[in-house]
Amino acid sequence: MGVLGSLERGLQSAVDWVFRHGGVVEIPEITQRLQKELDAEAQALGRDRWVVPNDFRIHLSKADYARLFPLSKTMTAEISQELRRYAAERSYTFPGSITIDYDERPDLPTGRFAVASRHVATVADPSGAPSDDRPTSQGDLVLEVNGIRHPLVPGSFTIGRGHDANVTISDPGMSRSHAEIVVNPTSEGRTVHIIDLESRNGVYVNDQRVNKAELHDGDRVTLGSTHLLVRAPAGH
């Protein structure tokens, strides 16, 4: 059976009719375009191992959006299944669950669509309370990981793929214990350092590989294929 199984069968007659009268986006075209996106954006993790995007946004014309969005839940499930099959055949690994969003772009003509993709790793904090709920004070910094904020208060915590890490990120490009964040109080406030825990793919601060580095507001940290940002909380 074709790429989309029963969903494709149910839509085929309507799609063919509209396609003959001016052209619309067909669901298999979206699947094929996302497969090409995996190929184009694959990042090497090691020999015969690649990490690929798992977060997609499909930009559709007004007419195509109106026709396809009511089917988005079923369509996403079917496309995701096909992407997982495609990835398995090519030794691709997703850093987290597959998400597909759809939006309307008035500048696109009917039958045309655009795709944006990202690598988004799943983040878990074994400490219990959501990170955003922890108190911060004036002058504190936070480490932001995929929208989750971890206040940089005195002490230390580890980041990695393993369950023993304080902050677990399901990024296959990350070691089980990848890096440690150490926050020390000083007479002028506090210092924040990141230390590479002999990780396989290294620690990068502002695109420079480091073994140990002091972090400041605005610094960008890359661990595996996950990007972290050091920033002051809003309003501080």
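This report describes the predicted model of one protein chain, from its overall make-up to individual residues.

## Basis and overall make-up

The model is predicted: local features need pLDDT of at least 70, side-chain atom pairs count only at pLDDT 80 or more, and totals for chains, interfaces and linings use all residues. Residues are numbered from 1 along each chain as its sequence is written, and side-chain values use heavy atoms, with hydrogens and water left out.

The protein chain contains four helices and 18 strands. Helices (H or I, at least four residues) and strands (E, at least two) are DSSP runs, numbered from the N terminus. Of the 236 residues, 43% count as buried; buried means under 20% relative accessible area, exposed over 50%, and partly exposed in between (1.4 Å probe, protein chains only). The chain exposes about 12,400 Å², of which carbon and sulfur atoms supply 49%. Such areas come from the Shrake-Rupley method with a 1.4 Å probe; for residues, only the protein chains shown count as cover.

A contact means heavy atoms within 4.5 Å. Among contacts between residues at least 6 apart in sequence, 58% join residues at least 24 apart.

The predictor's confidence in each residue is given as pLDDT, from 0 to 100. Its mean over the protein chain is 80, and 81% of the residues reach 70 or more. Over residues 1-22 the pLDDT is below 50, and this stretch has 24 contacts in the model beyond near neighbours in sequence. Residues 127-138 also have pLDDT below 50, with 20 contacts beyond near neighbours in sequence.

## The three-stranded sheet

Strands of a sheet pair through backbone hydrogen bonds, either parallel or antiparallel. Here, two strands are said to pair if DSSP finds at least two bridges between them. One open sheet has three strands in the order β5-β3-β6, with mixed pairing. Its edge strands are β5 (99-104) and β6 (113-118), each of which pairs on one side only. Neighbouring strands of this sheet are turned by 20° against each other on average, direction ignored.

Strand β3 (residues 55-60) pairs with β5 in the parallel sense over six bridges, while six bridges join β3 to β6 in an antiparallel arrangement. Strand β3 is mostly covered, since five of its six residues are buried. The table lists residues of β3 with their partners.

| Residue in β3 | Partner | Partner strand |
|---|---|---|
| Arg57 | Asp101 | β5 |
| Ile58 | Tyr102 | β5 |
| Leu60 | Phe113 | β6 |

Two helices accompany these strands. Helix α2 (residues 27-41) packs on the sheet and touches β3, β5 and β6; its direction makes about 40° with that of β6. Helix α4 (residues 72-89) lies across β3 and β5, running at about 135° to β5. Axes are lines fitted to C-alpha atoms, for helices over the stretch in contact, and angles run from 0 to 180 degrees between N-to-C directions.

## The nonpolar cores

In soluble globular proteins, nonpolar side chains tend to be buried together. A nonpolar core is here a set of buried Ala, Val, Leu, Ile, Met, Phe, Trp, Tyr and Cys residues joined through side-chain atoms within 4.5 Å. The largest has 25 residues, and those with the most contacts inside it are Leu143, Leu152, Ile159, Ile181, Ile194 and Leu223. Several strands each supply at least two residues of this core, among them β8 (142-145), β10 (155-160) and β13 (189-196). Strand β12 gives the most, with three residues. A second, separate core of 22 residues includes Val25, Ile58, Met75 and Tyr92.

Leaving aside neighbours within four places in sequence, Ile194 is in contact with residues including Ile181, Val203, Val205, Leu215, Val221 and Leu223.

Val183 lies in strand β12 and counts as buried because its relative accessibility is 2%. The C-alpha atoms of Val183 and Ser156 are separated by 6.0 Å, although these residues are 27 apart along the chain. Not counting residues up to four places away in sequence, Val183 touches Leu152, Val153, Pro154, Gly155, Arg190, Thr191 and Val192.

## Two residues with positive phi

Most residues other than glycine have a negative phi. Ser91, in the loop between α4 and β4 (92-93), has a positive phi near 60°. This residue counts as partly exposed because its relative accessibility is 39%. Asp207, in the loop between β14 and β15 (208-210), has a positive phi of about 70°. At 56% relative accessibility, Asp207 counts as exposed.
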